[in-house]
Amino acid sequence: TMPDYKVYYFNVKALGEPLRFLLSYGNLPFDDIRITREEWPALKPTMPMGQMPVLSVDGKKVHQSVAMSRYLAKQVGLAGADDWENLMIDTVVDTVNDFRLKIAVVSYEPDDDVKEKKLVTLNNEVIPFYLEKLDDIARDNNGHLANGKLTWADLYFVAILDYLNYMTKSDLVANHPNLQRLVDNVTSIDSIAAWIAKRPQTEI
């Protein structure tokens with residue numbers, strides 16, 4: 001029998017979206033539970049580390065977005081064929097997350113003067129560096145991020161791209177044709193396209 005999947009997160013895409021993409025890709029039914037800010041304080045103690053996203057599998061709750069994504073990838077056939085392929089996927093997913101954290105630390109900086117200084121480095125050095133590297137990877141992998149084929153690394157990146165764009169107030173892949181091709185490769189998958197069409201519309 002198919003496991004009972006539930007995704008717990010706020011009403012945003014951000015770090016919950018890779019889970020939703022992977023479950024949708026595999027046509028695995030899941031409850032998409034979106035917690036309001038008002039509901040969260042009461043629910044927080046029931047979550048493994050008091051944070052979300054959380055994936056529930058037959059009532060067992062787990063956390064950590066990358067670990068959960070890796071698990072779901074194995075369930076839907078998007079993991080690597082061997083240890084080396086999995087290493088290639090893991091390195092690029094970790095790189096994407098490094099990129100996300102470098103953006104987030106500036107985006108969430110409370111001091112406006114500090115933020116302005118950090119934005120200069122972010123926009124002039126960090127973002128171009130990462131996008132160029134990722135675009136090269138996509139070029140060398142037939143419009144994918146690892147192993148020259150569709151893997152969960154592709155879904156992970158495309159799923160959080162709206163969040164990265166929101167934080168940077170930009171269209172990050174606009175001038176990067178290989179990353180655009182990657183986005184097209186993922187969003188044109190029927191089950192992903194169907195999810196994107198029916199999911200709640202949120203800015204982040």
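In this predicted model, serine 65 touches Leu15, Leu19, Pro53 and Tyr156, once its neighbours within four places in sequence are set aside. Serine 65 sits in helix H3 and is buried, at 11% relative accessible area. Two of its partners turn up again below. Proline 53 belongs to the loop that runs between helix H2 (40-43) and strand E3 (54-57), and the peptide bond leading into it from methionine 52 is cis, with omega near 10°. That is worth a second look, given that most peptide bonds are trans.

Tyrosine 156, another partner of serine 65, is itself buried, with a relative accessible area of 1%. Tyrosine 156 shares helix H6 with tryptophan 152, the two being 4 residues apart, or about one turn of the helix. Tryptophan 152 is buried too, with a relative accessible area of 1%. Setting aside neighbours within four places in sequence, tryptophan 152 is in contact with ten residues' worth of names that span much of the chain, among them Leu22, Val66, Arg70, Leu78, Ile89 and Val93. The aromatic pairs come to 6. In one of them, the ring centres of phenylalanine 129 and tyrosine 130 are 5.6 Å apart with planes at 85°, so the pair is edge-to-face. Phenylalanine 129 is partly exposed at 46% relative accessible area, while tyrosine 130 counts as buried at 10%. The rings of tryptophan 152 and tyrosine 156 also make an edge-to-face pair, because their centres lie 6.3 Å apart and their planes meet at 85°. Elsewhere, ring pairs tie Tyr9, Phe10 and Trp40 into a cluster.

Tryptophan 152 also figures in the largest nonpolar core. This core has 65 residues, and Phe99, Trp152 and Phe157 are the ones that touch the most other members. Helix H6 is the biggest contributor, giving 12 residues. Domain 1 (5-77 + 191-198) and domain 2 (83-188) both supply residues to the core, so it lies between them. In soluble globular proteins, nonpolar side chains tend to be buried together.

As for the domains themselves, the C-alpha centres of domain 1 and domain 2 are 21 Å apart. Their contact draws on 16 residues from domain 1 and 15 residues from domain 2.

Helix H4 covers residues 83-107, 25 residues in all, and spans 35 Å from its first C-alpha to its last, close to the 36 Å expected at 1.5 Å a residue. At its start, a side-chain oxygen of aspartate 82 comes to within 3.2 Å of the backbone nitrogen of tryptophan 84. The buried residues of H4 include Ile89, Val93, Phe99 and Ile103, along with polar or charged ones such as Glu85, Asn97 and Arg100. The buried residues of H4 pack against helix H3 (65-76), helix H5 (112-140) and helix H6 (152-168).

Two asparagines stand out for their backbone angles. Asparagine 27 has a positive phi of about 55° despite not being a glycine. This residue is in the loop between helix H1 (17-25) and strand E2 (30-35), and it is exposed, with a relative accessible area of 59%. Asparagine 147 likewise has a positive phi, near 65°. Asparagine 147 falls in the loop between H5 and H6 and is partly exposed, at 22% relative accessible area. Most residues other than glycine have a negative phi.

Definitions and conventions. Residues numbered from 1 in each chain as written. Predicted model: local features only at pLDDT ≥ 70, side-chain atom pairs only at ≥ 80, totals over all residues. Heavy atoms only, no water. Expected span 1.5 Å × (residues − 1). Buried < 20%, exposed > 50% of the residue type's maximum accessible area, 1.4 Å probe, protein only. Contact = heavy atoms within 4.5 Å. Polar contact = N/O pair within 3.5 Å; in protein donor to acceptor, adjacent residues only side chain to side chain. Core = buried A, V, L, I, M, F, W, Y, C linked by side-chain atoms within 4.5 Å. Domains from an automatic or database assignment. Phe/Tyr/Trp six-rings, centres within 6.5 Å; stacked < 30°, edge-to-face > 60°.
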